[in-house]
Amino acid sequence: MNLQDKELRVKKLWRRLNERLLVVEGKNDVAALREVGVYSTIVTAVGKPERIIRKAIAEAGKLKISLLFDYDREGRRKTLFFHEMFFHEDCNADMQLHKELRNLFPIITIEELPNAYFDLMETIALHKKVRKENRLFPN
């Protein structure tokens, strides 16, 4: 995938992330998402699972719920666990954005997202600058 396609996919993903209620592992994940411009409602999965599920459903209103846990073994376990818990409450907790985020960024934890995001944005900006200069000063 070229950088233009990647930039477009990131913009679409960010728009979708900001249209959902997100469930993450903890406050550091919330801070990481805020740092990269995700300002949707976020519920942390801290405490009793039943309480977390009730809180997320109550706060979501008409928003879809997406699970954004880490990509390590514990994060995968929590993703499946909470997906099942939401299912038992007749609520579909989406995992697609979780997969899309992983496809765009080589991260293991959500806390790593700011570095990966800003590295990509810097690469895209540099690429655009080089392309512009090449148009202005062809060989």
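1. On one side of helix α3, Arg 51, Arg 54 and Ala 58 are exposed, where exposed means over 50% relative accessible area, buried under 20% and partly exposed in between, computed with a 1.4 Å probe on protein chains only. Helices here are DSSP runs of H or I with at least four residues and strands are runs of E with at least two, both numbered from the N terminus.

2. Please keep in mind that this is a predicted model, in which local features need pLDDT of at least 70 and side-chain atom pairs count only at pLDDT 80 or more, while totals for chains, interfaces and linings use all residues. Residues are numbered from 1 along each chain as its sequence is written, and side-chain values use heavy atoms, with hydrogens and water left out.

3. The other side of α3 holds Ile 52, Ile 53, Ala 56 and Ala 60, which are buried. Seen down the axis of α3, the buried residues fall within an arc of 100°, so they line one face of the helix; the arc is that of the directions from the helix axis to the C-beta atoms. These buried residues pack against β1, β2, β3 and α4, contact being heavy atoms within 4.5 Å.

4. The length of α3 (residues 49-60) also agrees with expectation, because its 12 residues at 1.5 Å a residue should span 16 Å and its end C-alpha atoms are 16 Å apart; the expected span is 1.5 Å times one less than the number of residues. Gly 61, which follows α3, has a positive phi near 60°.

5. The sheet is open and has 4 strands in the order β2-β1-β3-β4, with parallel pairing, where two strands pair if DSSP finds at least two bridges between them. Its edge strands are β2 (42-44) and β4 (93-94), each pairing on one side only.

6. Within the sheet, β1 and β3 pair in the parallel sense over 4 bridges, and Leu 21 stands opposite Ile 65 in β3. Strand β3 (residues 64-67) also pairs with β4 in the parallel sense, over 2 bridges, and here Ser 66 stands opposite Asp 94 in β4.

7. Helix α2 (residues 27-35) lies across β1 (20-24) and β2, running at about 155° to β2, whereas helix α4 (residues 73-88) lies across β1, β3 and β4, running at about 155° to β3. Axes are lines fitted to C-alpha atoms, for helices over the stretch in contact, and angles run from 0 to 180 degrees between N-to-C directions.
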